[in-house]
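Q: I am new to this structure and would like a close look at a single part of its sheet. Please take me through that part and its neighbours.

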Amino acid sequence: MARKSSLLKRAAIAVVSVIAIYVILNASVSPSLPSSSDLIREEDEQPRAPIHPKVKVYMYDLPNRFTHGIIEQHAIVRGGIKNAVDDVTALKYPGHQHMHEWYLFSDLNRPESDRPGSPITRVSDPADADLFYVPVFSSLSLIVNAGRPVDPGSGYSDEKMQEELVDWLERQEWWRRNKGRDHVIPAGDPNALYRILDRVKNAVLLVADFGRLRPAQGSFVKDVVIPYSHRVNLFTGEIGVEARNTLLFFMGNRYRKDGGKVRDLLFQVLEKEEDVTIKHGTQSRENRRAATKGMHTSKFCLNPAGDTPSACRLFDSIVSLCVPVIVSDSIELPFEDVIDYRKFSIFVEAGVALEPGFLVGMLRRIGTEKVLEYQREMKQVRRYFDYDNPNGAVKEIWRQVSQKLPLIKLMSNRDKRLVLRNSTEPDCSCLCTNQTGLVTSV
């Protein structure tokens, strides 16, 4: 009987050991990051609550000259209104590719009940805040005078606005406390805030492109890459190629500076191809309609660099379910922690794309099933690039902003204990963006 009892004990111990080993192994292989099934898909109706506590954000009540006053100046210059108005807050923000600043500002002005699932919450007391949002309309300010310098003493001056903004910020107790590191500032246009970048570079900058930022000003680690606002209409049809008779489509400014010079060369290579539509065109209502039609009826959409590596047509392509063909070797993309762009985009190194016959030959060899696969992937992720979608770009920007908080705390505490010194050595607080080569992908 004793022997039987001993055998039962051994069997019980063996079973418990197997279960324990299974639990340990299962825990060790569980991913620490959310799987694709955890992500909110486009078809989800209800957003999921964030796993972590919401990051508390205080939005500065900036003087109107940095927000609605810029809308007023934009309308005056363009003849929308003749004189200053009594209530500038009633003015409508104009449509352009850098509308992120308006959407973020509007989002924080909504009641919390209208912001379900957001990773951040607005607080009214700055002493309670984790982060501080500076809602300056920096990109709109840049284009009030269409980028042209204004004579001193006449008209609106973007440079004056920038100087006044940084002077205002540097007088704020909360800015001085951590040298602006816990502040978030929209600077979507590559030239936005160019005059004061060295004075606000500690802040988290919301940028669409690193092309004009020096390594000491902008960093993939410190800042957040945001999408341009798409300017073509969202494609509402089903996936398919039956109505997409054009192989490759592009409509935009042919002549650009710097890396964008590849555009003119691509025109020369592609403009005689029968199943390719490549047109020169600047921003206008009529051209946007033409671009919408072209992207909605094409299988592939060309996305070359502009004056800087990124351009709004990439996001126009995605919401059109037109497979992006990206010819921009130094491009940085939004939300790459949850999006694999290779699943719905084709990356081609610029030198290879300019080889006669290479680009169209490659695209013609891509079968219908592969195009449909690209379209299905785009349909799943295009909410990320739609600022009007309640589960779209705004929420994703705030998610990425909230993920900067541990780094901000680390750098703030580190600054307080370091001895100030002059050094020509690189500063580990700011890391350069991608400088590696690009492999052509299909």
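A: Strand 1 pairs with strand 2 (residues 120–122) in the parallel sense, over 3 bridges; strands here are DSSP runs (E) of at least two residues, just as helices are runs (H or I) of at least four residues, and both are numbered from the N terminus, while two strands pair if DSSP finds at least two bridges between them. This is a predicted model, in which local features need pLDDT of at least 70 and side-chain atom pairs count only at pLDDT 80 or more, whereas totals for chains, interfaces and linings use all residues. Residues are numbered from 1 along each chain as its sequence is written, and side-chain values use heavy atoms, with hydrogens and water left out.

Along the pairing with strand 2, Val55 stands opposite Ile120, and Val57 has Arg122 as its bridge partner. Strand 1 is also joined to strand 3 (residues 131–133) by 3 bridges, again running parallel, and there Met59 stands opposite Tyr133.

These strands belong to an open sheet of 6 strands with parallel pairing, in the order 2-1-3-4-5-6. Strand 2 and strand 6 (224–225) stand at the edges, each with a single partner strand, so one side of each is left without a neighbour in the sheet.

As for its surroundings, strand 1 (residues 55–59) is largely enclosed by the rest of the structure, because 4 of its 5 residues are buried, where buried means under 20% relative accessible area, exposed over 50%, and partly exposed in between (1.4 Å probe, protein chains only).
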